[in-house]
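Here are my notes on the model, set out as numbered points. Please read them with the structure open.

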Amino acid sequence: MTTEIYYKFEGNNTSGSHKLNSAIAQAYYAKQQGLKGVTTETGAGQWGTALSMACSYFGLDCKVFMVKISYEQKPFRREVMRTYGASVTPSPSMETNVGRKILAEHPGTTGSLGCAISEAVEVATSTPGYRYVLGSVLNQVLLHQSVIGLETKAALDKYGVVPDIIIGCAGGGSNLGGLIAPFMGEKLRGERDYRIIAVEPASCPSFTRGKYAYDFCDTGMVCPLAKMYTLGSGFIPAPNHAGGLRYHGMSSILSQLYDDGLMEARSVRQTDVFEAAEMFARVEGILPAPESSHAIRAAIDEALKCKETGEAKTIVFGLTGTGYFDMVAYEKFHEGQMENYIPTDAEIQATLDKLPRVDA
């Protein structure tokens, strides 16, 4: 017997990722509400691309604040959004009060999802006819993305395949939460047991080095508090190439599951991720997104462990999207210019020390 690896591919659409599953739903409800448009943030650009597509279908305006480093690294993703009619602003920007404040406090910052959220919220709350929508983290987004897990389970059931290990990359938690939803339901009901592994970048280790606490969902501290694993809303991650995973916190649902010991988490280095991405591309003929490649790395590592121990396991991971707009990252990797920045304990503690004080 040998270890088998299966993956659920979500990149066969123009947005190149799973994000359209939630974007269509949220744009539909915005249209039904009679809104003129919506605002949002985006990291690597997958969510912004999906939402701009969805808004174009429903005749809605779409204002996107894109994390500055991704805006610079991924210009073609930006142009796809503009093709679908969205306006795209690098964040933090001088267009909002919170953006100007962040730039004054952190001159030259490359930005973060927390910064971009703050700017998008400010514009939405100050512009009549607009609302803010989020592409990850929140419960309704994980609900929309549960279609990933339902489709995965239906396909596996059809062929009589039962996974031992389920792996997903983790940034805010939407794709991982969606992938594991039906399997976690079985686990919670005591029907089956699965090893579920969340994989995050070592440069932004919310699960593995964060604290389970109430925190702001955005850097400007204007959004409601959420209980989650967090590095602190003021944490500005290193400018790694997995832009969709550069968020300081994690979904409240996944945080609770992790804290209850129902799933595992690990962090991986950027160069190790791209080694796995290249290996996958050569074998499968699909160029994976840097975010997805975190799950690929863990799947390969688990398969190698099985080879060493002689065990036979069935591994399933989420291939959340394609990496065809991430060629600057692949170029850096091939040229040996990619760095593995890992924040120090002191850097993380500095932002954790500023967590809001909440009475028990």
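1. Is Ser-126 buried or exposed? This is a predicted model, so the answer is a computed one. Ser-126 is exposed, because its relative accessible area is 55% and the cut-off for exposed is over 50%. The residue sits in helix H6, which spans residues 113–126. Take Lys-227 as a reference point. Ser-126 and Lys-227 are separated by 101 residues in sequence. Their C-alpha atoms are 27 Å apart in space.

2. Next, the cavities. How many of 30 Å³ or more does a search of the whole structure find? The search returns 2. The second largest has a volume of about 40 Å³.

3. Which residues line the second largest cavity? The lining consists of Lys-8, Glu-10, Ile-148, Asn-175, Leu-179, Gly-318, Leu-319 and Thr-320. At least two of the lining residues come from helix H8 (174–188), and at least two from strand E11 (314–319). By class, the lining holds 3 nonpolar, 3 polar and 2 charged residues.

4. Now the salt bridges. The structure holds 20 of them. One of these joins the side chains of Glu-186 and Lys-153, at 3.4 Å from N to O. Glu-186 belongs to helix H8 and Lys-153 to helix H7 (residues 139–158), so this pair ties together parts that are 33 residues apart in sequence.

5. Are the two partners of that bridge buried or exposed? Glu-186 counts as buried, because its relative accessibility is 9%. Lys-153 is buried as well, with a relative accessible area of 17%. The cut-off for buried is under 20%. Helix H8 therefore appears twice in these notes: it carries Glu-186, and it supplies at least two residues to the lining of the second largest cavity.

6. Arg-282 and Glu-278 form a bridge within one helix. Their side chains meet at 3.4 Å, N to O. Both residues lie in helix H11 (residues 270–284). They are 4 residues apart, about one turn of the helix. Arg-282 is exposed, because its relative accessible area is 68%.

7. Helix H12 (residues 290–309) holds another pair, Lys-305 and Glu-302. The closest N and O atoms of this salt bridge are 3.3 Å apart. The spacing along the chain is 3 residues, about one turn of the helix. How do the partners stand in accessibility? Lys-305 counts as partly exposed, at 41% relative accessibility. Glu-302 counts as buried, at 3%.

8. Check the surroundings of that pair too. Which residues are linked with Glu-302 and Lys-305 in a network of salt bridges? They are Arg-195, Glu-264 and Arg-266.

9. Last, the surface. Tyr-214, Leu-225 and Val-358 make a nonpolar patch of about 250 Å². Leu-225 is found in strand E9, residues 225–230. Leu-225 counts as partly exposed, because its relative accessibility is 37%. A patch residue needs over 30% relative accessible area, so the 37% of Leu-225 is enough on that criterion.

10. For a second look, I would list three places. One is the second largest cavity, at about 40 Å³. Another is the bridge between Glu-186 and Lys-153. The third is the network that includes Glu-302 and Lys-305.

Note on methods: Residues are numbered from 1 along each chain as its sequence is written. This is a predicted model: local features need pLDDT of at least 70, side-chain atom pairs count only at pLDDT 80 or more; totals for chains, interfaces and linings use all residues. Side-chain values use heavy atoms; hydrogens and water are left out. On a 1 Å grid over the protein atoms alone, a cavity is a set of points where a 1.4 Å probe fits but cannot get out, and a pocket is an open set with protein on both sides within 12 Å along at least five of seven lines; lining residues have an atom within 4 Å of a point. Grid points are joined across faces, edges and corners, and a volume is the space filled by probe spheres set on the points. Ala, Val, Leu, Ile, Met, Phe, Trp, Tyr, Cys and Pro count as nonpolar, Asp, Glu, Lys and Arg as charged, and the others, Gly among them, as polar. Patches are made of residues with over 30% relative accessible area and no salt bridge: like charges are joined within 9 Å, nonpolar side chains (Val, Leu, Ile, Met, Phe, Trp, Tyr) within 5 Å. Accessible areas come from the Shrake-Rupley method with a 1.4 Å probe; for residues, only the protein chains shown count as cover. A salt bridge is a side-chain nitrogen of Lys or Arg within 4 Å of a carboxyl oxygen of Asp or Glu. Buried means under 20% relative accessible area, exposed over 50%, partly exposed in between (1.4 Å probe, protein chains only).
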